[in-house]
Every structure is written in C-alpha cells, then in structure tokens.
Amino acid sequence: MKFDEKQIEFILTIAKEGGISAAAKKLYLTQPALSQRLANLEQELGFRVFRRDVTPMVPTEEGVLYLNTLQEMRQLHRNFQRQLEARRDGKHGCISLALSPMRAQQLLPRLFPELRRSLPGLEVRLLHGTDRAALHRLTREGTADFSINSQVYPDLVQEVVTISNFVLVVPAGHPLVRARGGGRDWKGQETATLDMVEDDLFLLNYSTQGSRIILEQYFQAQGFTPRRYMELYDNYTIARLVEAGMGVAILSMDNAADYIQKMEIRAFRLQDSPRSRIYLSYRRSLLLTPVMESFIRLCKSPVLWAGE
C-alpha cells in the first residue's frame with residue numbers, strides 16, 4: 001500500500017467528522033472535490049470505505065480494516081520521522097560495537113561513563129568476537145557497525161584511535177625492580193632490555209592473537225628467543241600470574257594500564273619498544289550519521305586511552 005500522507009489525512013478526517021461536507025470544511029476543500037477524491041480511491045481499492053445509506057457516515061467492514069491500517073501507517077511514519085530527526089541531531093541513535101572480551105574488560109569501564117556524559121542519547125549494543133577473524137566477520141557482514149581491534153583489514157575503513165606502547169611487566173619484588181627502583185609510572189622508568197629477563201618465564205598470548213604477532217616480530221628484530229614461555233589467552237590472567245611471581249610479560253598499555261595501578265606489578269620501558277595501532281573499523285558502505293561521527297570522535301579521545 002502506497003503511503004500518501006494527504007490521502008490518509010482526508011480519509012481519516014471523513015471518518016472523524018462523519019460526513020463529506022463537514023470533512024471538506026476541515027480540509028479547506030469543496031464538497032464535490034472531496035467526494036470525487038473518495039470515489040477515485042474506492043475505485044482504486046475495489047471496495048467502499050464508507051456506507052452512504054446512514055448518517056453520519058460509518059465505515060464498511062472493509063473500511064474498518066482500511067482505516068485501522070491507515071492509522072497504523074501514519075503512526076509508523078511519524079515514529080520514523082522522529083527517529084530520523086533524532087539521528088540527524090547528532091545526539092541520538094543506536095549502534096552495535098564488536099570487541100574482544102579482553103578489550104571490553106579494559107575499555108568499557110572508561111567508554112560508558114564518557115558516553116553517558118557526552119552522548120546520553122546513544123544506545124550501544126555490544127557484540128563479542130573471540131578472535132581477529134570473528135571481529136572482522138562481524139564488521140564485514142554488517143552485524144556490527146563498528147569494531148575495535150589492532151589488526152589491519154584492507155576491506156574495511158579503519159581509523160586509528162590510539163597508538164599503544166608495549167612495556168615489560170614484572171612482579172613488584174623482581175630483581176629488576178630492586179636494582180632500578182621501579183615504580184608504577186612506566187614513562188619515568190629507565191629502559192630495560194630483554195636480556196635482563198632472559199632467565200624468566202615469559203607469559204605470552206596465543207600465537208594467533210594480534211599482540212603475540214607483534215611480539216614475535218619484536219623478538220625477531222631484537223634477536224631474542226624466550227627460553228621458557230607459557231601461552232594464555234587472557235591478559236588479566238597473565239597480569240595476575242606476574243603478580244604471583246610466576247614470570248614476566250610484555251603487554252600493550254591499553255591492556256595493562258589498570259593492572260599496573262591496581263596490582264603488585266611494575267612496568268619498564270623497553271628498548272626499541274614495539275607499538276600497536278588500535279583501530280576503529282567499519283564497512284566502506286556504512287552511512288555515517290552525525291551520532292556515529294560523534295562516537296568516532298569520542299573513541300579517539302585520550303580519556304579512553306589514559307595509559308598511553
């Protein structure tokens with residue numbers, strides 16, 4: 001059924017006023033003109049909308065169904081117009097965001113307070129991708145409007161939201177801390193080298209994870225191979241094991257900042273430290289509304305990446 005706002009208005013006015021003459025006055029039309037419009041419509045529909053043998057005019061059985069449908073269509077159209085206007089004002093809307101569980105754990109406690117403060121009308125639906133391939137698929141297929149990741153995807157638009165430094169993380173009681181007076185502020189520490197911890201157990205992510213790929217490239221560039229290592233998926237578990245004295249780790253600051261402040265672990269700058277670009281990724285065909293553009297700007301805010 002074609003949506004014609006003027007046609008809907010004149011039909012509903014006839015039903016409300018109970019006659020063509022009264023409706024014509026409300027619509028600022030002549031009675032013959034409105035009668036002709038009604039006749040044309042009924043011919044197009046193939047049934048009478050109103051009974052002509054009673055006064056005031058009442059709808060036929062088919063007319064009742066038709067009028068109910070018109071009222072629903074008008075309400076849906078008005079709701080659509082309101083939602084469209086809300087999206088255009090740059091402050092309201094709904095988006096879907098895909099994150100890895102680890103990224104969600106670190107980012108969301110900073111992201112959502114900022115959303116409530118600066119974009120209170122934006123609803124965010126969260127999706128979780130357990131690995132790089134899942135995040136890519138969710139974004140490419142349009143299930144997620146955006147994803148946050150550290151992997152390059154040539155078929156997506158990717159905007160850099162931060163560049164994350166990697167740091168060496170050791171237990172608070174590690175000999176390196178005693179020798180160099182390590183603290184929680186990694187930026188103020190002396191540079192450490194991998195040979196200083198060559199005898200330690202390295203706690204690493206799995207080989208398929210983005211941070212591990214970056215570390216393998218760094219190890220190769222430094223001519224270093226860990227003598228002993230253990231693979232784990234979760235950076236929180238890695239940080240807790242470091243705190244327990246099980247070994248050392250190299251973590252990106254976007255993941256490690258909170259751990260360093262809350263756990264009994266210390267961080268050191270690394271010689272020729274690897275760096276990781278963190279991207280906000282989305283489809284090339286995605287139509288960016290003003291509220292989406294506001295969300296992108298928020299994701300680039302230094303407040304979300306305080307550890308960098």
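This passage walks through selected local features of a predicted model, beginning with one helix and moving outward to its surroundings.

Helix 8 is a convenient place to start. Spanning residues 210-222, helix 8 holds 13 residues and reaches 19 Å from its first C-alpha to its last, close to the 18 Å expected at 1.5 Å a residue. Seven names make up its buried set: G210, S211, R212, I214, L215, Y218 and F219. Directly after the helix comes G223, whose phi is positive, near 65°. One of the buried residues, R212, also meets an aromatic ring, as R212 lies over the face of Y229, at 5.4 Å from the ring centre.

Helix 8 also takes part in the largest pocket, which encloses about 370 Å³ of space. The lining of this pocket comprises 25 residues, and those closest to its centre are S100, M102, R103, Q209 and G210. G210, one of these, is also among the buried residues of helix 8. Several elements contribute at least two lining residues each: helix 5 (101-118), helix 6 (132-140), strand 3 (146-149), helix 8, helix 10 (253-262) and strand 10 (275-283). Of the contributors, helix 8 gives the most, with 3 residues. As general background, empty space is revealed by rolling a probe the size of a water molecule over the atoms.

Aromatic rings offer a second view of the fold. Searching the whole structure turns up 8 aromatic pairs. F47 and Y66 make one of them, an edge-to-face arrangement with 6.2 Å centre to centre and 75° between the planes. Because F47 lies in the loop between helix 3 (31-45) and helix 4 (61-88) while Y66 belongs to helix 4, the pair ties together parts that are 19 residues apart in sequence. The partners can be described in terms of exposure as well: F47 counts as partly exposed, at 24% relative accessibility, whereas Y66 is buried, with a relative accessible area of 5%. What geometry do the rings of F202 and F219 adopt? Their centres are 6.0 Å apart and their planes stand at 90°, so this pair is edge-to-face. F202 sits in strand 6 (residues 201-204) and F219 in helix 8, so the contact between rings ties together parts that are 17 residues apart in sequence. Both F202 and F219 are buried. The two rings belong to one aromatic cluster, formed by F202, Y218, F219 and F224.

The loop between helix 3 and helix 4, already met through F47, has further points of interest. T60 is placed in this loop and counts as buried, at 14% relative accessibility. Leaving aside neighbours within four places in sequence, T60 is in contact with R48, V49, F50 and R51. The loop between helix 3 and helix 4 also holds P56, which is joined to T55 by a cis peptide bond with omega at about -5°.

Helix 9 (residues 235-243) provides another buried site, at V242. Is V242 buried or exposed? With a relative accessible area of 1%, V242 is buried, since the cut-off for that term is under 20%. Apart from neighbours within four places in sequence, the contacts of V242 are V169, V170, P171, L203, G247, V248, A249 and I265. Two of these partners can be placed in elements: L203 falls in strand 6 (residues 201-204), and I265 falls in strand 9 (265-270). V242 and D199 are 43 residues apart along the chain, and their C-alpha atoms are separated by 14 Å.

Finally, the backbone deserves a look. Most residues other than glycine have a negative phi, and most peptide bonds are trans. Y28 has a positive phi, near 60°, in a residue other than glycine. This residue lies in the loop between helix 2 (20-27) and helix 3, and Y28 is exposed, with a relative accessible area of 76%. D272 likewise has a positive value in a residue other than glycine, with phi near 50°. The location of D272 is the loop between strand 9 (265-270) and strand 10, where D272 is exposed, at a relative accessible area of 55%.

Note on methods
Residues numbered from 1 in each chain as written. Predicted model: local features only at pLDDT ≥ 70, side-chain atom pairs only at ≥ 80, totals over all residues. Heavy atoms only, no water. Helix = DSSP H or I, 4+ residues; strand = E, 2+ residues; numbered from the N terminus. Expected span 1.5 Å × (residues − 1). Buried < 20%, exposed > 50% of the residue type's maximum accessible area, 1.4 Å probe, protein only. Phe/Tyr/Trp six-rings, centres within 6.5 Å; stacked < 30°, edge-to-face > 60°. Lys NZ or Arg CZ within 6 Å of the ring centre and 35° of its normal. Contact = heavy atoms within 4.5 Å. 1 Å grid on protein atoms, 1.4 Å probe; cavity = no way out; pocket = protein on both sides within 12 Å on 5 of 7 lines; lining within 4 Å. Points joined across faces, edges and corners; volume = space filled by probe spheres on them.
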